[in-house]
Amino acid sequence: MTLQGEDRVLCIEPAKLSDAEAIHSLVTYWADKGDMLHRPIGEIYEAIRDFKVARLDGEVVGTGSLHIMGAELAEVRSLAVAEDVQARGIGAGIVADCLVDARAFGLDRVFALTYKPGFFEKQGFRLANVMEFPQKVWNECVRCPFFTNCKEVAVVLDLEKDLGVPIAR
Ligand SMILES: CC(C)(COP(=O)(O)OP(=O)(O)OC[C@H]1O[C@@H](n2cnc3c(N)ncnc32)[C@H](O)[C@@H]1OP(=O)(O)O)[C@@H](O)C(=O)NCCC(=O)NCCS
């Protein structure tokens, strides 16, 4: 597919190990601005099979990951799009691709903790209470330095209630 309004070739696909540095740079860029949490490079390598990348003429310009939390639940993490190509549908495309995987795995629900709940609501998620995801709170959030002062908002998509929008892969 091409980038909205341009001829440049955009594809969203599973990340390769060779993408880890580019993923780390994107996440670090936005985390330094306070828009998301940092991910150490080692964690990105360990979780590389969770990650998607958006490539624009071959260059990584977006990323996001689908992390399975249990039999029914997964989390969209580390969603980031390069500043100069935002607002062209790339973030929505990465989330849609994560949801294709979530359905293929037979998951019931996908959630995210985010400073941008409005973006996720546009993708069909609804606002949620983080305590709907106790495995996240008690396994991971408790170790986060922002745990007692967390400003992230929980959003969730119930897949069985959502008919889904087919996307080109
Ligand atoms: C949030 C982010 C991933 C969105 O990516 P993007 O490629 O610019 O978004 P898209 O162009 O796919 O937007 C899809 C829709 O969401 C809307 N949208 C985008 N960002 C939004 C926001 N912050 N709040 C509300 N709606 C938003 C768009 O207007 C668009 O609406 P439309 O379908 O009516 O046209 C991107 O802004 C980003 O990387 N931000 C920095 C990192 C970050 O905040 N990550 C958030 C996850 S924790």
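The following paragraphs describe the overall fold of the protein and the surroundings of one of its residues, Ala82.

The model is predicted, so that local features require a pLDDT of at least 70 and side-chain atom pairs count only at pLDDT 80 or more, whereas totals for chains, interfaces and linings use all residues. Residues are numbered from 1 along each chain as its sequence is written, and side-chain values use heavy atoms, with hydrogens and water left out.

The secondary structure comprises five helices and seven strands, taken as DSSP runs (helices, H or I, of at least four residues; strands, E, of at least two) and numbered from the N terminus. From that end, the order of elements is β-α-α-β-β-β-α-β-α-β-α-β. Along the principal axes, the C-alpha atoms fill a box of roughly 45 × 35 × 25 Å. Of the 169 residues, 43% are buried, where buried denotes under 20% relative accessible area, exposed over 50% and partly exposed in between (1.4 Å probe, protein chains only). Among contacts (heavy atoms within 4.5 Å) between residues at least 6 apart in sequence, 70% join residues at least 24 apart.

Ala82 is located in the loop between β4 (73-81) and α3 (90-105), and this residue counts as buried because its relative accessibility is 15%. When neighbours within four places in sequence are left aside, Ala82 is in contact with Leu26 and Val61. The C-alpha atoms of Ala82 and His38, which are 44 residues apart along the chain, are separated by 16 Å.
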